[in-house]
Amino acid sequence: MATASKTPPGADPKQLERTGTVREIGSQAVWSLSSCKPGFGVDQLRDDNLETYWQSDGSQPHLVNIQFRRKTTVKMLCIYADYKSDESYTPSKISVRVGNNFHNLQEIRQLEMVEPSGWIHIPLLDLVNRPIRTFMIQIAVLANHQNGRDTHMRQIKVYTPVEESSIGKFPRCTTVDFMMYRTIR
């Protein structure tokens with residue numbers, strides 16, 4: 001069982017995107033939840049607002065399912081949790097499972113979180129330290145702080161590595177002005 005790697009206060013996964021080494025691919029997936037209170041569902045989990053959250057409504061484990069249309073390379077998950085705001089709703093034990101569909105999911109990470117506050121980066125690597133390739137990711141909340149029943153998750157981001165150019169090493173273009181010049185005509 002691993003302990004989640006906390007980022008320094010204020011560290012945001014969008015800073016990783018700005019380096020050009022990873023890209024957020026959550027919008028390419030179909031998201032589903034095991035349960036939710038009305039008005040506290042997938043839209044709140046993916047709205048880029050740290051004040052909104054998904055709230056489960058049922059018995060544990062609480063599940064977030066992320067399904068891709070094709071086999072996708074995934075390097076990292078980032079989850080935003082805030083114990084000060086959510087108290088007993090804050091997850092304390094999370095399982096990350098991957099597979100082709102619901103019937104063959106395998107657990108690749110289990111994390112213990114102690115009063116998390118901020119972004120939690122969860123690398124998804126295979127046995128030889130390469131990003132995993134999968135059709136589906138499932139995040140299961142196994143336990144909450146103070147034995148809470150329902151859970152809050154404020155944001156979840158899914159990242160893929162950005163591939164190097166097959167022609168040669170070109171500088172990464174990160175602004176719109178430079179994007180139009182990065183292809184060879």
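**Strand pairing, cores and local geometry**

Q: E87 is found in the loop between α3 (83–86) and β8 (91–99); in this predicted model, is E87 buried, partly exposed or exposed?
A: The relative accessible area of E87 is 46%. Buried would require a value under 20%, and exposed a value over 50%. Because 46% falls in between, E87 is classed as partly exposed.

Q: What is the phi of E87?
A: Most residues other than glycine have a negative phi. E87 is not a glycine, yet the sign of its phi is positive. The value for E87 is about 45°.

Q: Which residue in the loop between α2 (42–45) and β5 (54–55) has a positive phi of about 60° although it is not a glycine?
A: The residue lies in the loop between α2 and β5. With a relative accessible area of 45%, it is partly exposed. The residue with this phi is D48.

Q: Which peptide bond is cis, with omega near 5°?
A: Most peptide bonds are trans. The exception here leads into P61, whose place is in the loop between β5 and β6. The cis bond runs from Q60 to P61.

Q: How many bridges pair β6 with β11?
A: The two strands run in the antiparallel sense. One of the pairings joins T73 to its partner in β11, R133. The number of bridges between β6 and β11 is nine.

Q: Which residue of β6 is the bridge partner of W31?
A: β4 and β6 run antiparallel and are joined by five bridges. W31 takes part in this pairing through a partner in β6. That partner is I66.

Q: Is T72 buried or exposed?
A: T72 is found in strand β6 (residues 62–74) and touches I25, I132, R133 and T134, leaving aside residues up to four places away in sequence. A polar atom of its side chain lies 2.7 Å from the backbone oxygen of R70. Because its relative accessible area of 11% is under 20%, T72 counts as buried.

Q: Which side chain makes a polar contact with the side chain of T151?
A: T151 sits in the loop between β11 (132–144) and β12 (152–153) and is buried, with a relative accessible area of 0%. Its contacts beyond four places in sequence include W54, H62, P91 and V141. Its side chain also reaches the backbone oxygen of Y89 at 3.1 Å. The side-chain partner, at 3.2 Å, is that of N144.

Q: How many aromatic pairs does a search of the whole structure find, and which of them is stacked?
A: The search finds two aromatic pairs. The stacked one has 5.2 Å centre to centre and 20° between the planes, and consists of F40 and Y53.

Q: How many residues apart in sequence are the parts that F40 and Y53 tie together?
A: F40 lies in the loop between β4 (29–33) and α2, and Y53 in the loop between α2 and β5. F40 is partly exposed at 29% relative accessibility, whereas Y53 is buried at 17%. The separation in sequence is therefore 13 residues.

Q: What is the geometry of the aromatic pair of Y80 and W119?
A: Y80 belongs to strand β7 (residues 76–82) and W119 to strand β10 (residues 117–123), so the pair ties together parts 39 residues apart in sequence. Both Y80 and W119 are buried. The centres are 5.3 Å apart and the planes 70°. Because an angle over 60 degrees sets the class, the pair is edge-to-face.

Q: Which residues touch the most other members of the largest nonpolar core?
A: The core has 28 residues, and β4, β6, β7, β8, β10, β11 and β13 (155–161) each supply at least two of them. Apart from it lies another core, of six residues, among them M76, Y80, W119 and Y159. Within the largest core, the residues touching the most other members are I137 and I139.

Q: Over which residues does pLDDT stay under 50?
A: The mean pLDDT of the protein chain is 87, and 83% of its residues reach 70 or more. The stretch in question has 10 contacts beyond four places in sequence in the model. It comprises residues 5–10.

Methods. Residues numbered from 1 in each chain as written. Predicted model: local features only at pLDDT ≥ 70, side-chain atom pairs only at ≥ 80, totals over all residues. Heavy atoms only, no water. Helix = DSSP H or I, 4+ residues; strand = E, 2+ residues; numbered from the N terminus. Buried < 20%, exposed > 50% of the residue type's maximum accessible area, 1.4 Å probe, protein only. Polar contact = N/O pair within 3.5 Å; in protein donor to acceptor, adjacent residues only side chain to side chain. Contact = heavy atoms within 4.5 Å. Phe/Tyr/Trp six-rings, centres within 6.5 Å; stacked < 30°, edge-to-face > 60°. pLDDT = per-residue confidence, 0-100. Core = buried A, V, L, I, M, F, W, Y, C linked by side-chain atoms within 4.5 Å. Pairing = 2+ DSSP bridges.
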